[in-house]
Amino acid sequence: MDSRVVSWAEFGRLVEGLVSKIKASNHTYDLVIGIARGGIPAALEIANRLNLKIDFVNIKSYLNDHTKQKPQILSTLSEKVEDRKILIVDDIIDSGDTMETIIGWLNQQKPVSIETTALFVKPWSKFTPTYTVGTVKEWIIFPWEDDEFTESN
């Protein structure tokens, strides 16, 4: 599979594109939830630019050899979700399983609403986020992952 390396500068432009779409929607949120690990950098930037509280949830979808597994929630939130408007952030949506898993889990905690955003979505995903900047087929290597894909690893 082809790969694409996203630099920190491009990452900044992608996040700005997402923030512009979120602002243009006129929707408001009480809490940004970043999906660890890949969604953390985007969630931090989005929460900062929108002046929102942030929390994180750790969901493991890939094994160390980059093969997919059924998503498992490995940690819980410190912020209350009940009666709040939630924006979930991830770096990329592949199959959509991770987003479906976290939405199901969060809905049990009775938020007012849940919307989603990801920098990219794969064309074969069964899940469409509320906000995204693009669809990509290739394997994306984000700047925080660069050392994971060197020849020594």
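This briefing covers the strand β2, the nonpolar cores and some backbone features of one chain. The model is predicted. In it, β2 spans residues 31-36, and 6 of its 6 residues are buried. The largest nonpolar core holds 23 residues, and another core, of 18 residues, lies apart from it.

**Strand β2**

- β2 is mostly covered, with 6 of 6 residues buried.
- Both of its faces are covered: one side carries Leu31, Ile33 and Ile35, and the other carries Val32, Gly34 and Ala36, all of them buried.
- β2 and β5 run parallel and are joined by 4 bridges.
- Within this pairing, Gly34 stands opposite Val89 in β5.

**Nonpolar cores**

- In the largest nonpolar core, which has 23 residues, Ile46, Leu119 and Phe120 touch the most other members.
- Two or more residues of this core come from each of α1, α2, β5 and β6, the last of these spanning 113-121.
- The element that gives the most to this core is α1, with 6 residues.
- Leaving aside residues up to four places away in sequence, Ile46 touches Val15, Leu18, Val19, Ile22, Val32, Leu87, Val89 and Thr117.
- Two of the residues in that list also appear in the account of β2: Val32 is on one of its buried sides, and Val89 in β5 stands opposite Gly34.
- Apart from the largest core lies another one of 18 residues, including Ile33, Val57, Trp105 and Leu106.

**A cis peptide bond after β2**

- The peptide bond from Ala36 to Arg37 is cis, and its omega is near 10 degrees.
- Ala36 is one of the buried residues of β2, while Arg37 is found in the loop between β2 and α2 (39-50).

**Positive phi at Asn26 and Asp83**

- Asn26 is a residue other than glycine with a positive phi, near 60 degrees.
- Asn26 is found in the loop that runs between α1 (8-25) and β2.
- Asn26 counts as exposed because its relative accessibility is 65%, and exposed means over 50%.
- Asp83, also a residue other than glycine, has a positive phi near 65 degrees.
- Asp83 has its place in the loop between β4 (68-73) and β5 (85-93).
- With a relative accessible area of 53%, Asp83 is over the 50% cut-off and is therefore exposed.

Definitions and conventions
Residues numbered from 1 in each chain as written. Predicted model: local features only at pLDDT ≥ 70, side-chain atom pairs only at ≥ 80, totals over all residues. Heavy atoms only, no water. Buried < 20%, exposed > 50% of the residue type's maximum accessible area, 1.4 Å probe, protein only. Pairing = 2+ DSSP bridges. Core = buried A, V, L, I, M, F, W, Y, C linked by side-chain atoms within 4.5 Å. Contact = heavy atoms within 4.5 Å.
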